[in-house]
Each structure stands twice: as structure tokens, then as C-alpha cells.
Amino acid sequence: FQNKMALRFDGKVAIVTGAGGGLGKTYAVELAKRGCKVVVNDLGGDRHGTSSSSSMADKVVAEIKAAGGQAVANYDSVEFGDKIVKTAIDNFGRIDIVINNAGILRDVSLLKMTELDWDLIFKVHVKGAYAVTKAAWPYMRDQKYGRIVVTSSNAGVHGNFGQANYAAAKSALIGFANSLAQEGAKYNILANTLVPTAGSRLTETVMPQNLVDALKPEFVTPLVTYMVHDSFEESGKVFEAGAGWYGTIQYYKSKGKVISHATADDIAKNWSTITNMNGAEFIGTIAEQGARLVSILEEHGSSSGNGSAAGGASGGAFPSNIKSSALFQEMADGVKADPNAVKPLKSIVLYVITDGKNELGKFTLDFKSANPSVYLGDVQNGEKPNATVTVADSDFVDIAAGKLNAQKAFMSGKLKVKGNVMLLQKLQTLLEKAKKSKL
């Protein structure tokens, strides 16, 4: 086990659910080879979730130990996630990695499906992932480190005949992981979704045997191993592996068509345009979707132009009575040091800082002129801002410090934007890349 593999997990502790065989076993064994201490969880039941046995987990632990690795078995159902996490803490003192792999199948058409068929699937796949992850979360949050993987399926992405219960649960897990990615960002907790295709006791019911034999679980293992490593930086993403192919799944939306006061007849008439995916737009976050909606409202004429409140001095030092001044000063210093970093934006952003009701001051980010600058006051030289941001002084400071989620502030009305919302995201990306203030 102790070789010179580049991606090491020394000092790390992982929980792999459903690790008694198939994909889970390969994850557990591979992590142990690379120095990770592993909790091998497996109820030992059949693929329908109706039995249990300790032998499967024990065999994997024995294999790991025989090769010089460290592992301990856990036989609890994943719905009792606190017990599984307790096994990690009691034996190894911490938990760094959770791979939610446990699953069952109860394939049946909707007409013949029973309440038990539906409930058992959700109890294992969704409630199980929730229970284990929630129990591990406080430890990850306190240590400011965590790597979480949930297991979805192509059935969750595309649906599959006779798997309405399974497909619905697997689709739910994508939203679960994407939400965890946002909640865990400031604690260095990364959460992602895996869509594996591999031969196992679950897939043998929906694939011919020769294909099951060809799709070895070991083909998926390298991706998962990298996804839970220190060096991995992606979060809130969906990755796929199978048959030696590795890729990612993303969401795109058609350009569509804005139709004010549309009727069903208007929708029918414009259907080919609405569904045309030429020039489709990638939407990576709900914040981008929110910005997209604002742009649509502007296209309807529901949003006003780039107005700004009256008052505020122009030029000069940033006022000490405005807490945000320090942020704008940092931006000003950064732009002065490297003006070329913001020139690609070719835009002007006006910030209206308030006390929650009344205006305290205005700050202009002029990245349109030949000499980009950040200055106190309204936009000068007869120019108009491409985007105007109105926000309370304390809220802006909290957003910059990561105490207030910018997306939530925007959706709740604390952060008001007129004009080109997407411009702010581009601006934030540039400033973060330059390690300047977070907008």
C-alpha cells in the first residue's frame, strides 16, 4: 500500500457508504492504498434493501488491512448517518471525506409501484445521503475542510423506464449537492455529484451481462479519488465516468424569446424559436439565473434605465464615516497597480451606498476610460453607468467579508442592481483573480 502515488491521503479519514462491493469497494480500497483511513460502511443487504449481513464490509476491511492499510467496518443503514460518522470519530478522531455511494433498486412501472417501492428508494438514496452528510458537516465546518460526493445516475438525468422512483431520487441528489456546495464554500467544504456507469448488482437488472462485465467499477474509481483529494477545487458540479470515459454534465438554456403578455397561441406560434438550442447559454449558478431574469425584465421594459440618486461629493478621499470606503480604496489601489486587469470590461459601475434608507455616498468604478480608476462620487464626463448597484453600507461590508451571501442579498432586495447584472459577475471574477476585494 505504501508506495509513491502522487495523490496521497495521509492523515485523512473517509466514509464510503455501500462499500461492501462494486463501486464502493473500489473507492475504499483505492483511498486506503493512498494512505487514507477508511470507514467501510455496508448493511450487507440485497439490491432490494430487504436483508442485512456484516460479512461484506468485514471482507473489504480485511483486504485493506492485509495490504497494510487502515480501515474499520460499519454495518448501519445509511438512514442512521450519525452512527456511521460516530464510527469514524471514535476510531480515527476526524472525518474529511464522505462518499455517498450506498443504493438499492426496486424497479417497477409506475402503475405497479407500491408506497414501499417509492419510500425505500428515497430512504436509502436521499435520506441516507442527507443523514450521513449532515452528521459529518459540523466536523467539516469546524476544521474548515471537507470533500463530499453524492452518487446520481444517468437515470436521474434522463429518466428510465421502470425506474421512476430511482430516477427521481437520483435527480434530487444533484440539487442536494449543488446546495451543499454553496453552503460549504466559506468552510472549504466541496460537494459534487458523480454519475457513474459501471457493472454492479444494481446495473445488472438494466444492462445485458456482457455490458455489465465490460463496465468495470475500476474505470470510475480514478475520477472519484481525484474528486475527494486536497488539490481538487471544483464544487457544485456534476461529473460522469464509465468505460474509461470521463466528462462533466452542465445545464444550458436556449436563447428563447421574450413575449410580453403572451397567450398560449403566441407560445405555439413561436415554439421553434423558444426551443431552438442554437447559441444556448450556459447557466452555472442560481445567481446567474437571477441575473438572467433581471435582464428579461429589462427587455420587457419592467426595469428602469440607469438612473442614480442625487447628492454625494465627487472626487477626493474616500470618507471615513462609510465603512465600505476601505473596500473601494483597496479596489482603487489594485486598479492603479494593474490597470490592464480591468480594461477588458470597458464598462462603468456606479455604487450607491446607503445607511439602509438614505444615501451616504457614491463610488464610481470607471473601467471604460483610457485610464481606469475608482473614485468617490457620481459618474463624470457626461458618461452613464452600465450598471448601478444600491446597497446598505453594512450589507456591502458583510458581502465582502463572506458573512452575507451575495445571491441571497440580491434575491431579497438588499442588493439592488439596475443595468447589466452579468457585468458585476465578470467584474467579481476579475477582481478575485487579481486577489482584490470580493464584490
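**An aromatic cluster and two helices in a predicted model**

In this predicted model, Phe363 is a buried residue, its relative accessible area being 0%. Phe328 is likewise buried, with a relative accessible area of 0%, and the rings of Phe328 and Phe363 form a stacked aromatic pair, in which the centres are 4.1 Å apart and the planes enclose an angle of 5 degrees. Because Phe328 belongs to helix α12 and Phe363 to strand β12 (residues 359-366), this pair ties together parts of the chain that are separated by 35 residues in sequence.

The structure holds nine aromatic pairs. Another of them joins Phe328 to Tyr351, whose ring centres lie 5.3 Å apart with planes at 65 degrees, so that this pair is classed as edge-to-face. Here too distant parts of the chain are linked, since Phe328 is in helix α12 (residues 325-337) while Tyr351 is in strand β11 (residues 348-354), 23 residues away. Phe328 and Tyr351 are both buried. Phe328, Tyr351 and Phe363 are included in one aromatic cluster, to which Phe318 and Phe396 also belong. In the loop between α12 and β11 is found Lys346, which has a positive phi of about 45 degrees although it is not a glycine. With a relative accessibility of 61%, Lys346 counts as exposed.

With regard to the chain as a whole, 15 helices and 15 strands are assigned in the protein, and buried residues make up 45% of its 439 residues. Among the contacts with a separation of 6 or more, 69% are accounted for by residues 24 or more positions apart.

Helix α2 (residues 55-66) has 12 residues, which at 1.5 Å a residue should span 16 Å, and the distance of 16 Å between its end C-alpha atoms agrees with this expectation. Within α2, the residues Ala57, Val60, Val61 and Ile64 are buried. When α2 is viewed down its axis, the buried residues fall within an arc of 100 degrees, and they therefore line one face of the helix. An α-helix has 3.6 residues a turn, so residues three or four places apart point the same way. The cover over the buried residues of α2 includes α1 (22-33), β2 (37-41) and β3 (70-74), whereas Lys59 and Ala66, on the other side of α2, are exposed. Helix α2 is followed by Gly68, which has a positive phi near 95 degrees.

Helix α4 (residues 115-143) contains 29 residues and reaches 41 Å from its first C-alpha to its last, a value close to the 42 Å expected at 1.5 Å a residue. A kink of about 40 degrees is nevertheless present in α4, and it is centred on Lys127.

Two residues of α4 were examined individually, beginning with Asp117, which has its place in this helix. Asp117 is buried, with a relative accessible area of 9%, a value that falls under the 20% limit for that class. The side chain of Asp117 makes a polar contact, at 3.0 Å, with the side chain of Thr114. When residues up to four places away in sequence are not counted, Asp117 touches Arg106, Val108, Lys112 and Asn165.

The second residue, Thr133, is also found in helix α4 and counts as buried at 2% relative accessibility. Its side chain reaches the backbone oxygen of Ala129 at a distance of 2.7 Å. Leaving aside neighbours within four places in sequence, the contacts of Thr133 are with Val98, Asn100, Ile148, Phe176 and Leu180. Between Thr133 and Val149, which are 16 residues apart in sequence, the distance from C-alpha to C-alpha is 9.5 Å.

Helix α4 is followed by Lys144, which lies in the loop between α4 and β5 (146-151). Although Lys144 is not a glycine, its phi is positive, at about 50 degrees. The relative accessibility of Lys144 is 51%, and the residue therefore counts as exposed, the limit for that class being over 50%.

Methods: Residues are numbered from 1 along each chain as its sequence is written. This is a predicted model: local features need pLDDT of at least 70, side-chain atom pairs count only at pLDDT 80 or more; totals for chains, interfaces and linings use all residues. Side-chain values use heavy atoms; hydrogens and water are left out. Helices (H or I, at least four residues) and strands (E, at least two) are DSSP runs, numbered from the N terminus. The expected span of a helix is 1.5 Å times one less than its number of residues. Buried means under 20% relative accessible area, exposed over 50%, partly exposed in between (1.4 Å probe, protein chains only). The arc is that of the directions from the helix axis to the C-beta atoms. Contact means heavy atoms within 4.5 Å. The bend at a residue is the angle between axes fitted to the seven residues ending there and the seven starting there. A polar contact is a pair of N or O atoms within 3.5 Å; within protein, one must be able to donate a hydrogen and the other to accept it, and residues adjacent in sequence count only if both atoms are side-chain atoms. Rings of Phe, Tyr and Trp (its six-membered ring) pair if their centres lie within 6.5 Å; planes under 30 degrees apart count as stacked, over 60 as edge-to-face and the rest as tilted.
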